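Me: Could you take me through how some terms get assigned in this model? I'd like each label checked against its cut-offs.

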Amino acid sequence: MKLPSPASITRHTTVVLRRFPLQVLLCLIAVIAACWLVEVDYKQYLVINSLKKLLAICNVCFIFLLAGDIFAETYGQHPAKRWLIRLAILLGGILLFYVLQPHFYQSDTYILILLAIAGHLLLSFIPFVRQGDTTAFWQFNKILFLRILTSIFYTLVLFIGLAIALFAVDHLFSLDLREKYYQNLFFILGIGFNTLFFLAGVPTQIPSLAKYADYPKGLKIFTQYVLIPLMGIYLLILLSYELKIIIDWELPKGIVSNLIIGYAFFGILSLLLIFPIRSQEGHTWIQLFSRFFYFTMVPLLVLLGLATYKRINYYGITELRYFLLVLACWLTFITVYFLVSKGQHIKLIPLSLCLCTLFAIYGPQSASSISKNSQIARLKRLMPQSDRAANMEKGSIIRYLVNHHGLTALQSFTKRDLTALEHHFNQENDTLASYMLDKQKLDTAFALLSVDPNQSYQNTKSYSVSTSNAGVTDVKGWNYLVLLDNYQRERKVMIGKDSMTITMGDDNRHLDIQIGKNHMAIKLDSIIGAIDKAYEHKQLVSQKGGENHYYYPQEKMQFMKTIGSYTIGVFVTDITIYSYFTHSKETTNSSFRATILLK
């Protein structure tokens, strides 16, 4: 693969400027913004946030402008109509810049991500919304896909080569170039050159692509020997887990949804990559693979539905759970379509997914609206409750609402004008970092709703105690000493002629000790219970200079046991106790170190 010559670059750049003028302008603005971001002082929070937002909106406008121009070229739109489409997209981008505040609200970040995804999906099928066969559709997207890979490769080669040259000049001439020069080089090439190179390869005369039947052999090899084996691994894990669920009769864990989405992604991508050769002689396995894939999706979709239901039932809807629910519905639609339809129109895949993405961006059915209303409803049910589990849930919901939707999402819980308060906080974004503003907003929200933030974390308490004699153990009258740390799950030592095995239980609350054929269990529940009771009644003595560190009498942290011909003393030197809530149930765990004496 040859690098492009200067003449070739000049010629293609001229063509790109004529064909995609606004895309080139946006590319230039993005390069300037990225390089400015490198130069700006880290305390100029307003400038930094504005530049980051500008980069994101340039990306969104770029992809929609490209889709609009491709549509206009394909269907011979009049230049006046083409410029009306371009100006409408630019005005939409300017409106987004002033309306969205992703540095304040996570929900606005999701909107920008969804817009970018929708734009890329729109580009993949927009030349074929009125007409065009499947072959042209596949060839068009193949060209774009390979062009992206090629542009990334060329950009990396240029960056590595020029970075090495810059490094050599820096050291040979003692220029003491700072890191920002390499960062600027990366952005100039990664945004500027990479984008122009990609645009130069966007195909023209798209409907005529239907007559091309070339198929890269590498795609078949990649699909057959990389993607499909990966799918097999995912499928084996998922079907085994589904069998475990049936045996144990319990709802699936949330992580299974990620595996199912991954399996579906690799499967659909594999089928798209090998679609043109599905009917060729010697490739009947593709038809079988397609049917097999969609049949295996049926039980997995049931599993995905159960996993989604479990998360939403416990914690309500958030943006991420909304996306998971929409993906589950979309995968169900695609699976049913390809199982029952004889048309097998693959254009439906990006088209339907694009509509789902646009559906989730704005309106009462959007991810932001549904998730906000769901969490507000949960908070209203929990506000009258005052137990620890309720406080933890209330704190989690308040943090979510403030971080994702702002203080105004809590307006129904207070008479204070939160719109003015939100505006006041946001005006400070040029002097305070985002995390500091978030903390101020959260502190205000907790105070307005009279919710204790200290009781709203998952770990409701965590503290440690040590023996009051600073860990010194009197060994007079004992013959052997064994030290045990909490990370040592099992310890084997020789006591005289006898073998001794000490095993710590998985719950860190008991020890199993075996000497020869004699066996005994030592439980620490009584010690942990007594310490925890003393902690709740504020009867523990604090250690100087240590937060949540306390003393406890050694005589209350030891056991004396007899096993066979041996007397064993277990002296716990320090112990850490922590508790957390899971589905409104408090669970207490511990870890400890001990000195074991024998005679």
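Reply: Sure, starting with the second largest pocket: 27 residues line it, and Leu96, Val99, Leu100, Ile111 and Tyr362 lie nearest its centre. The model is predicted, with local features needing pLDDT of at least 70 and side-chain atom pairs pLDDT 80 or more, while totals for chains, interfaces and linings use all residues. Residues are numbered from 1 along each chain as its sequence is written, and side-chain values use heavy atoms, without hydrogens and water.

Me: What makes a residue part of the lining of a pocket?

Reply: It has an atom within 4 Å of a pocket point; a pocket is an open set of points on a 1 Å grid over the protein atoms alone, where a 1.4 Å probe fits, with protein on both sides within 12 Å along at least five of seven lines. H4 gives the largest share of the lining of the second largest pocket, six residues. Helices H3 (45–74), H4 (79–99), H5 (106–125) and H13 (367–382) each supply at least two residues; helices here are DSSP runs (H or I, at least four residues), numbered from the N terminus.

Me: How many residues of each class are in the lining of the second largest pocket?

Reply: There are 14 nonpolar, ten polar and three charged residues. Ala, Val, Leu, Ile, Met, Phe, Trp, Tyr, Cys and Pro count as nonpolar, Asp, Glu, Lys and Arg as charged, and the others, Gly among them, as polar.

Me: Why are H8 and H9 called roughly antiparallel?

Reply: H8 (residues 217–248) and H9 (residues 255–273) pack at about 150°, with axes 9 Å apart. The angle is taken between N-to-C directions, from 0 to 180 degrees, with axes fitted to C-alpha atoms over the stretch in contact. Angles over 145 degrees count as roughly antiparallel, so H8 and H9 get that label. Their contact (heavy atoms within 4.5 Å) includes Leu219 and Phe222 of H8 and Val256 and Leu259 of H9. By class, the contact of H8 with H9 has 18 nonpolar, four polar and no charged residues.

Me: And what makes H11 oblique to H13?

Reply: H11 (residues 319–340) and H13 pack at about 120°. Oblique is what remains after under 35 degrees (roughly parallel), over 145 (roughly antiparallel) and 65 to 115 (roughly perpendicular), so H11 is oblique to H13. The contact includes Tyr322 and Phe323 of H11 and Ala367 and Ile370 of H13.
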